[in-house]
Amino acid sequence: MGEAFSQEMRLSARAVQVQSQRMSQQQIMSLNVLALAGVDLRDEIYAQAAKNPALEVVRDNLAAGARTARAGQSRFSDDARYASVTAAGERASDVFQAALESRADERETLREHLERQFNSVRRGEDETVLGLRLIRNLDARGFHLLAPVSLLDKENPAHTADLLESCMETIRALDPVGTCTSGVEESLLVQARIRGNAPRAALFLLDGHLDLLSPPQSAKVAKKIEAFLRDRASRSFGGAEQADTPRFSEEDIAEAIAYIRTLDPYPARNFGAGDAPFIAPDVYVERIPPEEGDEAKGIVEAGALSFKVTLARDVVPRLAVSKEFAAFPAQDDKPQTERQKAERRFVRDAVRDAKVFIESVQFREATIARAVAEIVRRQARFFAEGPRFLAPLRQKDLAESLGVHEATVSRMANGKYVQCEWGLFALGYFFTNAVGGAEDAADGGQGARSKESVKYEIAQLLRAHRDDKKPLSDQKIADALAAKGIAVARRTVAKYRAELHIGSSYGR
């Protein structure tokens with residue numbers, strides 16, 4: 001039995017080669033910092049600076065702005081009378097101020113006020129969902145945080161641009177009138193239009209010409225309007241003036257100025273602050289005239305288009321290693337006590353950790369800048385012409401272009417925002433599904449477009465041929481799209497046509 005057992009239990013040695021990769025502490029730190037939004041990174045920076053004396057905040061634009069504002073206040077800047085107070089008076093004032101500051105703001109918030117009115121009328125499910133999204137996207141002043149178009153559900157065919165505009169008009173008419181707008185100028189224009197009694201000159205000034213009111217003197221404003229209209233007429237075809245070109249007298253301008261002064265630039269000012277959301281853009285994208293590209297200056301060239309990509313550095317403080325810690329001698333020929341050795345170890349570790357954190361913040365900035373520059377190149381028509389021209393883009397494609405892992409792109413896009421002329425967009429908005437891939441296109445997926453772009457083209461084709469005696473079939477629509485370079489199968493056309501709530505050729 002012993003011999004049988006020994007024969008069954010045989011030991012053998014094999015050489016096995018296993019390749020594994022472990023991330024260093026610096027890599028882990030870099031990825032964690034990359035995933036932080038701008039406001040969260042700011043908090044993390046001050047937490048690290050409080051924990052590590054070798055890490056210094058050398059410049060903070062937000063804090064510097066607050067100090068400058070306080071320093072710029074003159075004690076004798078108004079007509080108030082000043083006098084010294086007694087110690088008892090100061091204590092009483094401090095107690096009263098503390099009581100005011102500790103009292104909770106019990107006023108109804110703007111969000112609660114708008115939601116209560118919006119929900120008081122029964123609406124369709126899609127309109128209700130989108131309307132509440134719009135209300136929750138407003139800041140404490142009643143203005144949009146994210147671009148409204150980014151709130152549309154791309155997978156819901158009922159979420160159209162018309163539904164979005166209808167919901168915004170509904171919310172703008174609620175009390176207070178003029179919220180759910182992009183800013184002060186649009187809010188004033190909305191208030192004037194809803195009132196319905198605005199002078200024509202007031203509507204003209206509010207519709208993109210509010211800068212002509214500086215200074216608000218009727219004679220000077222009238223001259224500025226006349227010069228503006230002459231310049232516009234000279235740029236029109238043949239230099240001919242249009243018949244409907246407005247003409248305003250000084251009396252018209254004076255009436256318009258008096259009317260505009262009755263409007264409220266901040267209609268939400270009387271509501272409680274509540275938990276107002278705060279979103280700060282991480283990157284600004286600005287279209288500029290075509291010029292020689294210089295990536296070092298943030299200029300991105302996309303064909304004939306040029307854009308300037310600028311990182312928002314106001315939110316994130318600038319960091320450096322403390323000069324005192326950096327100058328601390330690492331070695332000393334003299335005999336060292338245990339205390340001196342401990343001090344050197346502490347300084348060495350603190351400086352190392354500070355450098356790792358600074359490099360992680362720099363890695364975050366460089367990765368975001370490279371990623372947004374590549375997104376701008378691939379989505380150039382979007383940034384030039386608007387959201388309708390959003391092109392298909394996968395995180396995998398962007399990762400391959402940048403030479404990083406797809407997970408790195410996912411972390412980079414988390415909680416980051418881009419400000420452009422079309423509004424504020426989450427970075428993840430620019431990643432869209434493609435239409436016209438291998439299963440739809442005869443050319444193996446070449447010429448793919450985003451779903452929304454294809455649906456828009458289908459709607460345009462059907463609108464152009466709506467008076468035809470023989471309506472376009474789905475196959476003819478597919479052929480017409482193919483002529484435009486959009487390879488889409490007939491069954492895909494039928495699906496998108498149904499999502500647009502358009503009947504078949506038999507039903508039309």
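Does V404 count as buried, exposed or partly exposed, and at what relative accessibility? Keep that in mind; this tour of a predicted model comes back to V404 at the last stop.

**Stop 1: the whole chain**

Start with everything shown. The protein chain holds 20 helices and nine strands. Of its 508 residues, 37% are buried. Turn on the surface next: the accessible area is about 31600 Å², and carbon and sulfur atoms own 50% of that. If you like contact maps, take the contacts with a separation of 6 or more: 65% of them are between residues 24 or more positions apart.

**Stop 2: α6 and α7**

Now select residues 110-118, which is helix α6, together with residues 125-136, helix α7. Their axes sit 10 Å apart and the packing angle is about 165°. Angles over 145 degrees count as roughly antiparallel, so α6 is roughly antiparallel to α7. The crossing of this pair is right-handed.

Show side chains to see who does the touching. From α6, pick R111, L114, E115 and F118; from α7, pick E127, T128, G131, L132, I135 and R136. Colour this contact by class and you get four nonpolar residues, two polar ones and four charged ones.

Why might such contact positions recur at intervals along a helix? An α-helix has 3.6 residues a turn, so residues three or four places apart point the same way.

Stay on α6 and select its buried residues: L110, H113, L114, E115, Q117 and F118. Among the elements that cover them are α7 and α8.

**Stop 3: the loop between α8 and α9**

Move along to the loop that runs between α8 (161-172) and α9 (184-195), and find P176 in it. Zoom in on the peptide bond joining D175 and P176: this one is cis, with omega at about 0°. The same loop also holds C180. Check the backbone there, and you'll find a phi near 60°, a positive value in a residue that isn't glycine. Both features are worth a pause, because most residues other than glycine have a negative phi, and most peptide bonds are trans. Is C180 buried or exposed? C180 is buried, and its relative accessible area is 0%.

**Stop 4: α3 and α14**

Next, select residues 38-51 for helix α3 and residues 338-378 for helix α14. This pair packs at about 170°, with 12 Å between the axes. That angle makes α3 roughly antiparallel to α14.

Which residues meet here? On the α3 side, select G38, L41, E44, I45 and Q48; on the α14 side, select F357, V361 and R364. Sorted by class, the contact of α3 with α14 comes out as four nonpolar, two polar and two charged residues.

**Stop 5: back to V404**

Finish in the loop between α16 (395-402) and α17 (406-413), where V404 lies. Here's the answer to the opening question: V404 has a relative accessibility of 27%, so it counts as partly exposed. Leaving aside residues up to four places away in sequence, V404 touches A399 and V409. For a last move, draw a distance from the C-alpha of V404 to the C-alpha of T367: the two are 9.6 Å apart in space, and 37 residues apart in sequence.

Terms used
Residues are numbered from 1 along each chain as its sequence is written. This is a predicted model: local features need pLDDT of at least 70, side-chain atom pairs count only at pLDDT 80 or more; totals for chains, interfaces and linings use all residues. Side-chain values use heavy atoms; hydrogens and water are left out. Axes are lines fitted to C-alpha atoms, for helices over the stretch in contact, and angles run from 0 to 180 degrees between N-to-C directions. Helices (H or I, at least four residues) and strands (E, at least two) are DSSP runs, numbered from the N terminus. Angles under 35 degrees count as roughly parallel, over 145 as roughly antiparallel, 65 to 115 as roughly perpendicular and the rest as oblique. A crossing is left-handed if the near helix is turned anticlockwise from the far one by less than a right angle, and right-handed if clockwise. Contact means heavy atoms within 4.5 Å. Ala, Val, Leu, Ile, Met, Phe, Trp, Tyr, Cys and Pro count as nonpolar, Asp, Glu, Lys and Arg as charged, and the others, Gly among them, as polar. Buried means under 20% relative accessible area, exposed over 50%, partly exposed in between (1.4 Å probe, protein chains only). Accessible areas come from the Shrake-Rupley method with a 1.4 Å probe; for residues, only the protein chains shown count as cover.
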